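Biologist: I am new to this structure. Please take me through it in short steps.

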Amino acid sequence: MKEKASEILGQIADNVERVIIGKREVIELILCAFVCRGHVLIEDVPGVGKTNLVSALAKSFDCTFRRIQFTPDIMPSDITGFSMYNQKTGEFEYREGAVMTQILLADEINRTSPKTQSSLLEAMEENQVTVDGRTYRVPEPFLVLATQNPVEYLGTYPLPEAQLDRFFMRVSLGYPSAADETNMLSIHNDKNPLDALTSVATARMLVEMQEYLGTIHVDERLKAYMVDLVRHTRENGDVLLGGSPRATLNLYRAAQAWALYQGRDYVEPDDVQRMAVPVMEHRILVKQDARLRQVTPRTVIEAAVSAIAVP
C-alpha cells in the first residue's frame with residue numbers, strides 16, 4: 001500500500017502543478033494533511049492562486065466541492081444548514097448547508113463574524129453538525145481549506161486561538177519565481193488550465209490512505225522526541241501560548257503522512273523536523289516584547305529543533 005499511496009499522491013501533485021506552477025512543496029504539504037484528515041489554513045495575499053489550488057485538488061480527487069465566500073452577513077445556518085417546516089408532512093426537514101460536501105473552501109474566513117466562524121468548529125473536529133438538537137454526519141472524506149489575507153485587517157475578524165488550533169497546518173503559497181510566472185502566462189494564454197483538469201484518484205482512494213496511515217511505524221524514541229519538541233515551545237520564555245497536545249498529535253500524524261508520501265512504512269527524525277513548522281507555527285503566540293526583538297513562531301520552533309537532541 002505504501003508504494004501505491006506514494007505513487008497516487010505523486011500523480012495528484014503532478015496534476016495540480018498543471019494549474020499551480022512552481023508550488024510543489026505546498027501541494028505536497030496539503031496532500032499530507034488530506035491523508036491525516038486534517039484541515040488547512042492557506043494564508044497569503046490576493047491573486048497567488050489559493051482558490052485555484054483548492055479547486056484543482058478537489059478535481060484531482062473527484063470529490064464533491066463547495067466554496068463559500070465569507071462576508072459579514074453570512075449566517076451560521078448558511079454553513080451548517082437549517083430546519084424548515086414542511087406543511088404537507090407536518091414535520092421539520094433538514095436543508096443542508098455548505099458544510100455538506102467533501103472539500104469545502106472557506107474563502108476569506110476572517111471576513112465573517114466569530115459566531116459564523118465557530119459554526120465550523122463541530123464539523124472540523126467531529127465530522128458532524130448539530131441543527132435543532134439533531135446531529136447530521138458530513139460526507140467522507142471531509143476536508144476544510146480556509147483562506148485569509150495576512151496583511152489586510154480592515155473589516156476582518158481575526159481567528160481565535162481555539163479556531164486556529166483546529167487547523168492541522170497553515171501554509172503559504174508566496175509569489176512565483178520569474179520563470180514560473182512567465183510559464184504561467186503561456187499556459188493561461190487561451191484558456192484556464194483548471195477547465196481541462198481531470199481526476200487521477202477517487203475519494204475512496206483517499207479514505208483508504210487515511211485508514212492505512214495508522215500502520216506507519218513510529219519508534220518510541222521518536223514519540224518522545226516529538227513530545228519534547230512541542231513542550232520546548234511551551235517552556236520558551238518568549239512564548240505566551242505554546243503548542244497544544246493537539247499539536248503533538250498532529251505532528252505525529254504529519255510525520256507518518258510524510259513518510260508514506262516518501263514510500264516508507266516507518267518515520268525518520270527528518271520527517272518530524274520537516275513537518276514541525278507547518279503543523280505548529282500557527283499555534284504559537286509570541287509575547288509582545290519578544291516580537292519587538294524579531295522573535296517569531298518560526299524561530300521558536302527552529303530553536304526547539306536545535307535544542308532537542310535527535311534520537
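Modeller: Gladly, and note that this is a predicted model. Let us begin with the core.

Biologist: Which residues touch the most other members of the largest nonpolar core?

Modeller: That core has 76 residues. A second, separate core has 24 residues, including Phe 142 and Ala 146. In the core of 76, the residues that touch the most other members are Ile 30 and Leu 53.

Biologist: What does Leu 53 touch, not counting residues up to four places away in sequence?

Modeller: Leu 53 lies in the range of helix H3 (residues 50–61). With residues up to four places away set aside, its partners are Val 16, Ile 20, Val 26, Ile 27, Ile 30, Ile 42 and Leu 173.

Biologist: Is Ala 33 buried or exposed?

Modeller: Ala 33 sits in helix H2 (residues 24–35). Leaving aside neighbours within four places, Ala 33 is in contact with Gly 38, Val 40, Phe 168 and Met 169. Its relative accessible area is 0%, and under 20% counts as buried, so Ala 33 is buried.

Biologist: What separation do the C-alpha atoms of Ala 33 and Phe 168 have?

Modeller: Along the chain, these two residues are 135 residues apart. In space, Ala 33 and Phe 168 are in contact. Their C-alpha atoms are separated by 6.7 Å.

Biologist: Now the sheet. Which strands stand at its edges?

Modeller: Five strands form an open, parallel sheet in the order S2-S5-S8-S1-S9. An edge strand has a single partner, so one side of it is left without a neighbour in the sheet. The strands at the edges are S2 (65–69) and S9 (169–171).

Biologist: How much does the twist average from one strand to the next?

Modeller: The pairing in this sheet is parallel. From each strand to the next, the twist averages 20°.

Biologist: Which residue in S5 stands opposite Arg 66?

Modeller: S2 and strand S5 (residues 103–107) run parallel. Five bridges join them. Opposite Arg 66 stands Leu 104.

Biologist: What angle does the direction of helix H3 make with that of S5?

Modeller: Helix H3 packs on the sheet. It touches S1 (40–43), S2, S5 and S8 (143–148). With the direction of S5, the direction of H3 makes about 175°.

Biologist: Is Thr 80 buried or exposed?

Modeller: Thr 80 is found in helix H4 (residues 76–80). Beyond neighbours within four places, its contacts include Tyr 94, Gly 97 and Val 131. Its relative accessibility is 13%, so with the limit at 20% Thr 80 counts as buried.

Biologist: Why is Cys 32 not bonded to Cys 36?

Modeller: A disulfide needs sulfur atoms within 2.5 Å. The closest cysteine sulfur to that of Cys 32 is in Cys 36, and it is too far for a bond. The distance is 6.7 Å.

Biologist: How many disulfides does the count come to?

Modeller: Cys 63 is in no disulfide, with the sulfur of Cys 36 nearest at 16 Å. The count of disulfides comes to zero.

Biologist: Finally, what radius of gyration does the protein chain have?

Modeller: The chain comes to 14 helices and eleven strands. Of its 311 residues, 50% count as buried. A compact globule with 311 residues would have a radius near 19 Å. The chain agrees with that, at 20 Å.

Technical notes
Residues are numbered from 1 along each chain as its sequence is written. This is a predicted model: local features need pLDDT of at least 70, side-chain atom pairs count only at pLDDT 80 or more; totals for chains, interfaces and linings use all residues. Side-chain values use heavy atoms; hydrogens and water are left out. A nonpolar core is a set of buried Ala, Val, Leu, Ile, Met, Phe, Trp, Tyr and Cys residues joined through side-chain atoms within 4.5 Å. Buried means under 20% relative accessible area, exposed over 50%, partly exposed in between (1.4 Å probe, protein chains only). Contact means heavy atoms within 4.5 Å. Helices (H or I, at least four residues) and strands (E, at least two) are DSSP runs, numbered from the N terminus. Two strands pair if DSSP finds at least two bridges between them. Axes are lines fitted to C-alpha atoms, for helices over the stretch in contact, and angles run from 0 to 180 degrees between N-to-C directions. The radius of gyration is taken over C-alpha atoms; the globule rule is 2.2 Å times the number of residues to the power 0.38.
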